[in-house]
Amino acid sequence: MSIFWNIKKHGIVTSTQDILKEEVQNGAKEGLVIVAESQTKGRGRHGNQWISEEGNLYTSILLCPDFAPRDISHYSFIIGLSLFKAIEKTVPKTGQMSLKWPNDVLLEGKKCAGILLESDSFGTGDKRILFVGVGVNIKSFPTGKIGLEAIARKDIDPMFFLELFLNEIKKYMELYDIEGFSAIREQWLSHAAYIGKTIQARFAKTTLEGRFIDIDAQGALILEQADKKRIAITAGEIFNI
Ligand code: BTN
């Protein structure tokens, strides 16, 4: 199944996720892509704010695939890999780029892009709506993060980057349709940050420590603790220690 992209460009918005949700209320179809120059209420994961100054990419993409609810996380890996490939093409010969579980892209160990995946059911059955929110630091970035231009040492047009990114999404959605999550998982793992290393997984009230050894068929991170006990982690944030 091929997706046709329909890109709608905005100036300043609250959040591209809000605009996309309004469009869905008005009957928007799969493939609608909202882009904004800046956001006043950009949202990140875990209820964080996403600082959204002009010059970076802020986009929300409407996908309506057939999938079992338990497989929703597969899409965050598909989108993460697509971002990785688009960045690789934009910032060639970049020193070090990796994917941090579950779906951040790191350049030289610092976050340059994030994904916010929200979903809604759509009638009955397995048809669901995915609101894929993506922010890429291109020109500016908050303290402790990084932007593409800082590494590439050249100007990068957010719309040019978006085109590359959408092409990659199409390719990876097709690969997923044909070969399933195993092909995505394999490629994702080949770029994974901290794989084989001792990490901390931090949650609201606890922290777990162990070796990051794998991701499972649902995309959960497999942590092996000192006593060799393995735990599947489905939420939280990981840190290299
Ligand atoms: C993260 O916390 O890593 C996810 C950040 C997602 C930010 C993007 S910017 C475009 C879209 N609109 C939003 O309000 N958030 C997402």
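**A tour of the ligand site and its pockets**

Start at the ligand: the residues of the shell around it divide into five nonpolar, eleven polar and four charged. (Ala, Val, Leu, Ile, Met, Phe, Trp, Tyr, Cys and Pro count as nonpolar, Asp, Glu, Lys and Arg as charged, the others, Gly among them, as polar.) This is a predicted model: local features need pLDDT of at least 70, side-chain atom pairs count only at pLDDT 80 or more, and totals for chains, interfaces and linings use all residues. Residues are numbered from 1 along each chain as its sequence is written, and side-chain values use heavy atoms, with hydrogens and water left out.

Select the shell. It holds 20 residues (a heavy atom within 4 Å of the ligand), the closest being Ser15, Gln39, Arg43, Arg45 and Lys111.

Zoom in on Gln39. One of its polar side-chain atoms lies 3.0 Å from a ligand nitrogen atom. Next, Arg43: a backbone N or O atom is 2.7 Å from a nitrogen atom of the ligand. At Arg45, a polar backbone atom is 2.7 Å from a ligand oxygen atom. (A polar contact is a pair of N or O atoms within 3.5 Å; within protein, one must be able to donate a hydrogen and the other to accept it, and residues adjacent in sequence count only if both atoms are side-chain atoms.)

Now colour strand S6 (110-121). S6 gives the shell its largest share, four residues. (Strands are DSSP runs of E, at least two residues, and helices of H or I, at least four, numbered from the N terminus.)

Last, select helix H2 (72-90). H2 supplies four residues, the largest share, to the lining of the second largest pocket. (On a 1 Å grid over the protein atoms alone, a pocket is an open set of points where a 1.4 Å probe fits, with protein on both sides within 12 Å along at least five of seven lines; lining residues have an atom within 4 Å of a point.)
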